[in-house]
Amino acid sequence: MTEITAPRSTARRAAAVVIMFVPLAAVLGSFALWRNQLPPELASHWSGTGPADGVMGAMQFLTLAVALTGSAAVASVVIGVWPSLLASTRRYGFLIAGLPAGIGAQTWLVSAYLTMQAGDPYEVVQGPWLVLGFVSYAYGLLPFLVLPKSRLTSSDVEERTTLGPDEGGAWSRVVTARLFLWVAVALAAAGIVFFWIAAAANDVADSAVVLVTIAVTAVVLLSLSRYRVTADWRGLRVVSELLRVPLKRIRLDEIDTVDAAEITPKEWGGWGYRVLPGKSALILRTGPGLVVTTIGGKQFAITVDDPGVPAALLATLRDQRRASALSAPSSEIEQE
């Protein structure tokens with residue numbers, strides 16, 4: 001499979017990286033502009049639509065905002081210049097990195113501005129500014145839409161494997177998703193910084209939900225960052241290499257059809273590990289992959305290089321199993 005690169009893709013990558021640096025610039029620029037007016041504490045927590053019920057030191061708040069927006073900016077540079085990433089992987093990488101960038105900038109700007117206006121952080125009411133908080137979650141859509149889409153050529157499918165009646169076979173491949181690994185590391189770093197700031201502000205209990213969410217997300221991404229796909233007499237298995245967690249298993253006698261196909265995320269519900277009615281998938285990119293349909297009609301797809309090899313092997317082993325099951329009764333009758 002070969003990715004066709006558009007002539008203007010480099011310029012659009014650079015534009016996407018610049019967009020990701022805007023939140024960091026906004027945080028640092030606003031601090032330089034407001035530093036002499038900032039109160040020692042800023043509103044940081046609201047239980048409803050009323051006034052703030054929690055505060056955080058201004059410098060601690062600034063540190064958190066810089067950590068979130070700065071890590072997202074650095075991640076965007078890595079994703080932008082990484083030569084082996086497919087265009088689809090790059091776009092979704094920017095989409096994910098935009099989440100901490102938008103949240104970090106929005107929380108700092110709104111809290112600092114409203115606290116300066118109110119004078120007392122406990123009198124700060126978000127009001128219509130609350131809507132901006134939800135909008136900031138989707139900041140990654142800006143570089144996502146700027147980056148070019150991938151254009152891929154189709155890949156060849158291997159011929160069916162030839163095995164003797166008593167012969168077996170096995171195929172195994174380790175797939176590494178470096179993007180998931182880097183995002184997991186970035187989340188872990190952000191979680192440590194957030195915990196440190198929450199501990200300093202004696203706000204660990206109220207921040208527990210955020211900390212647990214960061215930790216769970218990091219572990220999930222870590223489990224998907226490196227996994228092994230195996231096709232043999234047991235069927236298809238996908239296991240996390242780092243955490244040794246089984247991600248998917250389809251027994252050989254459950255397989256109805258198996259195909260090598262060109263896979264696009266939009267056909268399977270998006271990017272990552274997706275579970276939809278009647279089908280599931282582990283999609284890390286647009287490109288060649290393996291699609292297995294079970295006897296019950298459920299489908300599982302996974303992106304992997306050279307999917308024709310495991311597809312041919314699983315089809316051959318499945319046919320052997322079925323032929324063996326059909327011939328077993330007649331063999332027993334002949335022995336009697």
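How many of the 336 residues of the protein count as buried? The share is 43%, where buried means under 20% relative accessible area, exposed over 50% and partly exposed in between, computed with a 1.4 Å probe on protein chains only.

The model on display is predicted, so local features are reported only at pLDDT of at least 70 and side-chain atom pairs only at pLDDT 80 or more, while totals for chains, interfaces and linings use all residues. Residues are numbered from 1 along each chain as its sequence is written, and side-chain values use heavy atoms, with hydrogens and water left out.

**Overview**

Begin with a cartoon of the whole protein, whose secondary structure comes to eight helices and 11 strands. Helices (H or I, at least four residues) and strands (E, at least two) are DSSP runs, numbered from the N terminus. Switching to a surface shows about 17600 Å² of exposed area, of which carbon and sulfur atoms supply 61%; accessible areas come from the Shrake-Rupley method with a 1.4 Å probe, and for residues only the protein chains shown count as cover. Among contacts with a separation of 6 or more, 68% are between residues 24 or more positions apart, a contact being heavy atoms within 4.5 Å.

**Aromatic pairs on helix α3**

A search of the whole structure finds three aromatic pairs. Rings of Phe, Tyr and Trp (its six-membered ring) pair if their centres lie within 6.5 Å; planes under 30 degrees apart count as stacked, over 60 as edge-to-face and the rest as tilted. Select tryptophan 34 and tyrosine 113: their ring centres are 6.4 Å apart and their planes stand at 40°, so this pair is tilted. Tryptophan 34 belongs to helix α1 (residues 9-34) and tyrosine 113 to helix α3 (residues 87-118), so that the pair links parts of the chain 79 residues apart. Tryptophan 34 is buried at 16% relative accessibility, whereas tyrosine 113 is partly exposed at 34%.

Next select phenylalanine 61 and tryptophan 108, an edge-to-face pair with 6.1 Å from centre to centre and 65° between the planes. Phenylalanine 61 lies in helix α2 (residues 58-81) and tryptophan 108 in helix α3, so this pair ties together parts 47 residues apart in sequence. Both partners are buried: phenylalanine 61 has a relative accessibility of 6%, and tryptophan 108 one of 0%.

**Charges over rings**

Now display arginine 91, whose charged end sits over the ring of phenylalanine 144, 4.0 Å from its centre. The criterion is NZ of Lys or CZ of Arg within 6 Å of the ring centre and within 35 degrees of the ring normal. A further example is lysine 279, with its charged end over the ring of tryptophan 268 at 4.8 Å from the centre.

**Strand β9 and its partners**

Lysine 279 leads to strand β9 (residues 279-283), in which four of the five residues are buried, so the strand is largely enclosed by the rest of the structure. Strands of a sheet pair through backbone hydrogen bonds, either parallel or antiparallel; pairing here requires that DSSP finds at least two bridges. Strand β8 (residues 272-276) pairs with β9 in the antiparallel sense over five bridges, and valine 275 has serine 280 in β9 as its bridge partner. The hairpin of β8 and β9 has two residues between the strands, and there glycine 278 takes a positive phi near 85°. Strand β11 (residues 299-303) runs parallel to β9 and is joined to it by four bridges; alanine 281 stands opposite alanine 301 in β11.

**The open antiparallel sheet**

Which four strands form an open sheet, and in what order? The order is β3-β4-β5-β6, with antiparallel pairing. The edge strands β3 (171-176) and β6 (246-251) each pair on one side only. Neighbouring strands are turned by 15° against each other on average, direction ignored. Six bridges connect β3 with strand β4 (residues 226-232), where threonine 176 stands opposite arginine 226. Add helix α7 (residues 208-224), which packs on the sheet and touches β4, β5 (235-240) and β6, its direction making about 45° with that of β4. Axes are lines fitted to C-alpha atoms, for helices over the stretch in contact, and angles run from 0 to 180 degrees between N-to-C directions.

**Two last stops**

Centre on threonine 294, found in strand β10 (residues 287-294) and buried at 15% relative accessibility. Not counting residues up to four places away in sequence, threonine 294 touches Ile250, Glu254, Ile255 and Asp256.

Finish at glycine 169, in the loop between α5 (141-146) and β3, which is partly exposed at 24% relative accessibility. The C-alpha atoms of glycine 169 and proline 310 are separated by 9.9 Å, although the two residues are 141 residues apart along the chain.
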